[in-house]
Structures are given as structure tokens and as C-alpha cells.
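Hi,

Here is the structure I promised to pass on. Have a look at it first, and then read my notes below.

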Amino acid sequence: MTGSSHPTVAERTFADKFITCIDCKEEFAFTVSAQEYFAEKGFTGDPKRCRTCYAAYKQQHPKGSSKTMKGPFTVPPGGEHLLNLDFE
Ligand SMILES: [Zn+2]
């Protein structure tokens, strides 16, 4: 028997993902760091909107009228649009 050495596989393998924005249909990056942040918070979904569309969305849906998020969250700089999840 030959012991072939397999490279160590990380328990969590993240890679940058590119998601198509539901509003403008442009692709935006869901970065590894953002995914890790999501995992850390226990989120399983992906963001739906790019940052630009989220800003517009947020203007139309001011804080308080949204049911998307509950509880205090620490939003990483420039990452608040990533919290724009549509939970079902
Ligand atoms: Zn967009």
C-alpha cells in the first residue's frame, strides 16, 4: 500500500462568489471575508443586491419598516449591503 498524502482540506472552504443582483442584474462580489462574516452570524443565505441597489432599496425602505434583520449586528465597513437578505 502506498500512502498517498492528501493535502489537508480546510473544514470551511470559501471562495469569492459572484452573485447577480436582483435589481440591476449586475454581478457583484460576495467576498470570502463577507462569507465568513455571514457564517459567523449563522446566516445561510446569500445577499441579493449589490451595494448600489441596496442603497436605493434602503432609501425606499427606511429602518423600522423592514423585517429582514433582527437584533444588534456589527456591520463590517462597506459590508452593510451584504446584510440585505430576503429570508423566507
Ligand atoms: Zn444592483
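How many residues lie between E1 and E2 in the hairpin, and which residue in the turn has a positive phi? There are six residues between the two strands, and the one with the positive phi, about 65 degrees, is Lys25. Before I go on, please keep in mind that this is a predicted model.

First, the overall picture. The chain has two helices and two strands, and along the sequence they come in the order β-β-α-α. Of its 88 residues, 11% count as buried. Take the contacts between residues at least 6 apart in sequence: 56% of them join residues at least 24 apart.

A word on confidence. The mean pLDDT of the chain is 76, with 57% of the residues at 70 or more. Helix H1 (residues 32–41) has a mean of 87, the lowest, while E1 has the highest at 95. Where pLDDT is low, the predicted coordinates should not be read in detail, so please zoom in with that in mind.

Now back to the hairpin. E1 (17–20) pairs with E2 (residues 27–30) in the antiparallel sense, over four bridges. Within that pairing, Phe18 sits opposite Ala29 of E2.

The turn residue deserves its own note. Lys25 is in the loop that joins E1 to E2, and its phi is positive even though the residue is not a glycine. That caught my eye because most residues other than glycine have a negative phi. Is Lys25 buried or exposed? Lys25 has 9 other C-beta atoms within 10 Å, so it counts as exposed; the cut-off for that is 12 or fewer.

Follow Lys25 across space and you get to Arg49. The two are 24 residues apart in sequence, yet their C-alpha atoms are 8.9 Å apart. Arg49 belongs to the loop between H1 and helix H2 (51–60). Unlike Lys25, which is exposed, Arg49 is buried, because 23 other C-beta atoms lie within 10 Å and 20 or more is enough to qualify.

Next, Ala29, which is in strand E2. Ala29 counts as exposed, because it has 11 other C-beta atoms within 10 Å. Which residues does Ala29 touch, leaving aside neighbours within four places in sequence? Those contacts are Asp16 and Phe18, and Phe18 is also the residue standing opposite Ala29 in the strand pairing. Measuring C-alpha to C-alpha on screen, you should also find Pro47 at 9.8 Å from Ala29, with their positions 18 residues apart in sequence.

That leaves Asp16, in the segment before E1. Asp16 is exposed too, because it has 11 C-beta neighbours inside 10 Å. Beyond its neighbours within four places in sequence, Asp16 is in contact with Ala29, Phe30, Thr31 and Val32. Ala29 and Phe30 fall in E2 (residues 27–30), and Val32 is in H1 (residues 32–41). Asp16 and Ala34 are 8.9 Å apart, C-alpha to C-alpha, and 18 residues apart in sequence.

If you just want a short tour, start at Lys25 in the loop between E1 and E2, go across to the buried Arg49, and finish with the contact between Ala29 and Asp16.

Cheers

Key: Residues numbered from 1 in each chain as written. Predicted model: local features only at pLDDT ≥ 70, side-chain atom pairs only at ≥ 80, totals over all residues. Contact = placed C-beta atoms within 7 Å. Pairing = 2+ DSSP bridges. pLDDT = per-residue confidence, 0-100.
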